[in-house]
Amino acid sequence: MNITVLVLFGSFALLMVLGIPIAFAIGVSATLTFLLFMSVDQSLSIVAQQIASGLDSFTLIAIPFFILAGNIMNRGGIALRLIDLAKVLAGRLPGSLAHVNIISNMLFGALSGSAVASAAAVGGVMAPIQKREGYDPAFSTAVNVTSCPTGLLIPPSTTLIVYSLITGGTSIAALFLAGYIPGIIMGLSLMVVAGIIAKRKGYPVAEKPSLAEVKSAVRRALLPLGLIVVVIGGIISGVFTATEASAIAVAYSLFLSLCWYREIGVPDLPKIFIDSVVTTSIVLFLIGCSIAMSRAMAFGDIPLTISSFMIGISDNPIIILLCITAVLLVIGTFMDMTPALLIFTPILMPVMQDIGIDPVHFGIIMTINLCVGICTPPVGSALFVGCSISGVSIGQVMKPILPFYLVLIAIVLLVTFVPQISLFLPQLILGY
């Protein structure tokens with residue numbers, strides 16, 4: 001085995017087992033790898049330089065802005081208005097509250113760009129309502145956990161922004177458009193499974209909403225949904241960049257929550273800003289350390305080594321894609337989405353280029369595979385948040401969540417092997 005691979009991934013795995021925070025584990029393993037080629041002073045210097053230079057990016061400014069916008073929306077009553085709209089859209093489907101949960105996650109996740117924020121905001125509202133209506137809390141939790149990642153595909157998505165940065169500037173507009181159809185297919189597929197289970201278990205069906213209720217729900221949700229039109233429309237039309245769009249998202253959500261709905265006041269803002277700064281600091285430090293690790297991998301020719309190994313397994317693109325899908329699904333169960341994306345995109349990108357996979361399509365493949373990972377133990381952040389919100393243990397939720405896992409894996413394979421699902425909208429709208 002290549003000694004560089006052994007030192008980099010061996011030290012990283014050991015540090016993770018010892019419980020070292022992942023950002024520090026990444027930074028230390030990168031430093032140890034550089035020590036194979038240079039002195040201690042040089043190694044520490046180059047890691048520090050890589051962290052600093054890696055974060056010196058205009059594109060990355062979008063991440064703290066979208067995090068702040070998500071926090072404002074989470075506390076500004078926007079989730080409740082989207083849930084009311086979802087109740088109207090779910091109509092009289094079997095297990096209507098489960099469908100409300102899924103649709104709400106699709107809508108709120110698309111606005112906030114965060115699966116965890118969506119699981120917390122929507123789950124916090126829906127869990128007690130579903131329990132009161134006789135839904136099994138474990139089933140409700142399974143629905144909430146598996147549907148909240150749809151917002152990582154439906155733009156604006158900070159995950160796709162990070163991917164664009166890692167790959168050297170893959171079009172963010174194309175990535176955003178590419179995420180729509182896979183995200184919607186994922187949500188609709190989960191609704192089918194939830195409907196079948198709800199019908200078998202005899203869960204209640206909501207009463208048909210009156211015309212006045214429909215009009216009220218649509219009217220209340222129009223302004224929140226307008227954020228999607230403004231942000232995505234502006235990016236696609238070229239009026240502003242993704243970074244500028246993130247600042248507009250903050251201003252828009254702040255206006256709605258503070259001035260229009262008045263769900264939050266000026267005294268609430270310092271807490272929102274501090275929480276956003278803490279989250280941003282964690283994410284950006286993780287990105288900086290991961291960029292240093294990527295540099296260490298390139299220094300030791302690790303991407304080329306792994307690419308040659310995988311191409312050596314088979315020259316059949318289908319076999320290679322199946323292997324990569326299996327690897328990503330396993331990685332997702334042990335590593336959170338952002339570090340997994342940062343570490344493995346530079347490794348797998350050369351393989352994708354060798355077999356002719358489009359970078360935009362590969363971005364969706366990476367994202368949708370890792371979306372499954374955040375729903376699975378032992379490290380699934382959405383799973384832990386969803387269970388803590390509903391008060392259900394992970395053990396209790398594992399049986400009802402299995403059918404949803406199977407559907408998610410089926411969607412992963414569909415998106416992986418049918419590129420047009422991802423590329424149709426970018427080609428149609430952008431001529432990509």
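Me: What makes Arg81 count as buried?

Reply: In this predicted model, Arg81 has a relative accessible area of 9%. Buried means under 20%, so Arg81 is buried.

Me: Why is the contact of Arg81 with Glu263 called a salt bridge?

Reply: The closest N and O atoms of Arg81 and Glu263 are 3.6 Å apart. The cut-off is 4 Å between a side-chain nitrogen of Lys or Arg and a carboxyl oxygen of Asp or Glu, so the pair qualifies. Arg81 lies in helix H5 (residues 78-90) and Glu263 in the loop between helix H13 (242-260) and H14, so the salt bridge ties together parts that are 182 residues apart in sequence.

Me: Is Glu263 buried, exposed or partly exposed, and how do you know?

Reply: The relative accessibility of Glu263 is 40%. Exposed would need over 50% and buried under 20%, so Glu263 counts as partly exposed.

Me: What makes Asp84 and Arg220 a salt bridge?

Reply: Their side chains meet at 2.9 Å, N to O, and the limit is 4 Å. Asp84 lies in helix H5 and Arg220 in helix H12 (residues 211-237), so this pair ties together parts that are 136 residues apart in sequence.

Me: Why are Asp84 and Arg220 called partly exposed?

Reply: Asp84 has a relative accessible area of 24%, and Arg220 has 30%. Partly exposed is the range between under 20% and over 50%, so the term applies to both residues.

Me: How do you know that Lys271 and Asp275 form a salt bridge, and where do they lie?

Reply: The closest N and O atoms of Lys271 and Asp275 are 3.0 Å apart, and the cut-off is 4 Å. Both residues lie in helix H14, four residues apart, about one turn of the helix. Salt bridges that share partners join Arg75, Lys271 and Asp275 into one network. How many salt bridges does the structure hold? There are four.

Me: Which residues of helix H3 are buried, and why are they said to be on the same side?

Reply: Ser43, Ile46, Val47, Gln50, Ile51 and Gly54 are buried in H3. They cover an arc of only 135° around the axis, which puts them on the same side of H3. On the other side, Asp41 and Ala52 are exposed. The cover over the buried residues of H3 includes helix H2 (22-34) and helix H14 (269-299).

Me: How does the span of H3 compare with what is expected?

Reply: H3 (residues 40-55) has 16 residues and reaches 23 Å from its first C-alpha to its last. The expected value at 1.5 Å a residue is 22 Å, and the span is close to that.

Key
Residues are numbered from 1 along each chain as its sequence is written. This is a predicted model: local features need pLDDT of at least 70, side-chain atom pairs count only at pLDDT 80 or more; totals for chains, interfaces and linings use all residues. Side-chain values use heavy atoms; hydrogens and water are left out. Helices (H or I, at least four residues) and strands (E, at least two) are DSSP runs, numbered from the N terminus. The expected span of a helix is 1.5 Å times one less than its number of residues. Buried means under 20% relative accessible area, exposed over 50%, partly exposed in between (1.4 Å probe, protein chains only). The arc is that of the directions from the helix axis to the C-beta atoms. Contact means heavy atoms within 4.5 Å.
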